[in-house]
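The following exercises concern disulfide geometry, strand pairing and backbone torsions. Each task is followed by a solution in steps.

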Amino acid sequence: MASAQLSILHNYVPLGYNSLPISFHPCGSLALCGDCMQVDNCGWCAGDCVDMNQMDACPSGQMPQMTCPLVTQAEPLFSDAQGGGILVVSGDHLPEAGVYECLFEFGSYNLVAEGVYEANQVLCAIPALPSPAPPMISANVSLINRRAVETSTALVMEFFNCSAVPAPGSSRARVADTCTLCGLHPSSHCEWCLNTAKCQDTANGCDFWSPSRSCPNITSVTPAYAQHDFPTWITISGEFIMAPEPSPAPQVLEGLRVRAQKDFTFLCAFGSAESPAVFTYYPDRVPHGQFVCQSASTAIVGPVTPRILINGVPYATTSTRPFEFLECALVNTSVSCSSCQWGSSAKRCSWCMSEGKC
């Protein structure tokens, strides 16, 4: 705004001794609709403050707005780092004319998405973050139509990368490749999916979620050992382990959230993740919090780590090795009762009187 004094001249001579102060308002210099509306003869048109005394102030076919456009809300205000969803920005008196964009400001960089106007709403495709994306980051969101449209409240959007979690004492992230690590994710939208064995967005394709970030865990195996070539019933016990029955409707089993699902295939596995001994799971023999399997002949001998698999991926495991496959025939070189009993360091092999073997 500029100021001046107005005087009336006659033959370049002022008439009278008084002058009048006047102000000049260059409408085009006003970037905000609210400021524009407070100035006489200025109007808001297609994202610009224009001088209404000019005949062509607004583009052809458009009329100046009597009320300022205002963004009132946007949803959803969260997204997976891969983007792909739709951000719906709603407001009052949003003009249909003009080119809309959604601006996402992350501090060190910005992302822009094209907007589509639909009945006082603007729809923008949520962009994907540059890789590698941090575990969680926030962005200030603005709606642009030549200029930023004013908002009734700040719009802050949360982006999360479920596959990564913060590494203690480091600025770098670590891969969330276990249920325990997934439970440390700062976003409530990331949980461990049991049937895919991945930390992922709760809105995306999972049929069997971990219970409130409590991971299935094997606590004991009974018996703790078995002859490697002899069938044995094995009971695996633990926390938060449950086998859901196929159902057309969602289920909640001891905190386990199960969506309307396909059939799940459970197996008991013993040994390394690369080449375990896999045995049949018997669902009709499942007491509370336990899995019952029957071992079959295996070449594996020695201490092993037990696991429960669901559709081929780890469902529950343990950090210890509470089970051992025995090869009792190897300890009785003289094929006698005494050599059988004393040859087994774990004292788990016994002489079978009826069969005459260890």
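**Exercise 1.** Determine which cysteine is joined to Cys268 by a disulfide, and state the handedness of the link.

*Solution.* Step 1: a disulfide is taken as a pair of cysteine sulfur atoms within 2.5 Å; in this predicted model, side-chain atom pairs count only at pLDDT 80 or more, local features need pLDDT of at least 70, and totals for chains, interfaces and linings use all residues. Residues are numbered from 1 along each chain as its sequence is written, and side-chain values use heavy atoms, with hydrogens and water left out.
Step 2: Cys268 is joined to Cys293, with an S to S distance of 1.5 Å.
Step 3: the torsion about the S-S bond of Cys268 and Cys293 is about 45 degrees, so the disulfide is right-handed.
Step 4: Cys268 belongs to strand β26 (residues 266–270) and Cys293 to strand β28 (residues 290–294), so the link ties together parts 25 residues apart in sequence. Strands (E, at least two residues) and helices (H or I, at least four) are DSSP runs numbered from the N terminus.
Step 5: both Cys268 and Cys293 are buried, where buried means under 20% relative accessible area, exposed over 50%, and partly exposed in between (1.4 Å probe, protein chains only).

**Exercise 2.** Describe the disulfides of Cys162 and of Cys179, and give the count of disulfides.

*Solution.* Step 1: the distance rule yields eight disulfides.
Step 2: Cys162 is joined to Cys190 at an S to S distance of 2.1 Å. The torsion about this S-S bond is about -80 degrees, so the disulfide is left-handed.
Step 3: Cys162 lies in the loop between β15 (156–160) and β16 (164–166), and Cys190 in strand β18 (residues 190–193), so parts 28 residues apart in sequence are tied together. Both Cys162 and Cys190 are buried.
Step 4: Cys179 is joined to Cys215 at 2.0 Å from S to S, and this link is left-handed, with -95 degrees about the S-S bond. Cys179 is in helix α2 (residues 179–182) and Cys215 in the loop between β20 (208–209) and β21 (217–222), 36 residues apart.
Step 5: Cys179 is buried, with a relative accessible area of 13%.

**Exercise 3.** What is the strand order of the open sheet of three strands?

*Solution.* Step 1: two strands pair if DSSP finds at least two bridges between them.
Step 2: the order is β22-β32-β29, with mixed pairing.
Step 3: β22 (225–227) and β29 (302–304) are the edge strands, each with a single partner, so one side of each has no neighbour in the sheet.
Step 4: β29 pairs with strand β32 (residues 323–326) in the antiparallel sense over three bridges, and Gly302 stands opposite Phe325 in β32.

**Exercise 4.** Locate the cis peptide bonds that precede Pro76 and Pro223, then characterise the positive phi of Asn120 and of Ala197.

*Solution.* Step 1: the bond from Glu75 to Pro76 is cis, with omega near -5 degrees; Pro76 is in the loop between β7 (70–75) and β8 (78–80).
Step 2: the bond from Thr222 to Pro223 is cis, with omega near -10 degrees; Pro223 is in the loop between β21 and β22.
Step 3: Asn120, which is not a glycine, has a positive phi of about 65 degrees. Asn120 is partly exposed, at 26% relative accessible area.
Step 4: Ala197 has phi near 55 degrees and lies in the loop between β18 and β19 (198–201). At 21% relative accessibility, Ala197 is partly exposed.
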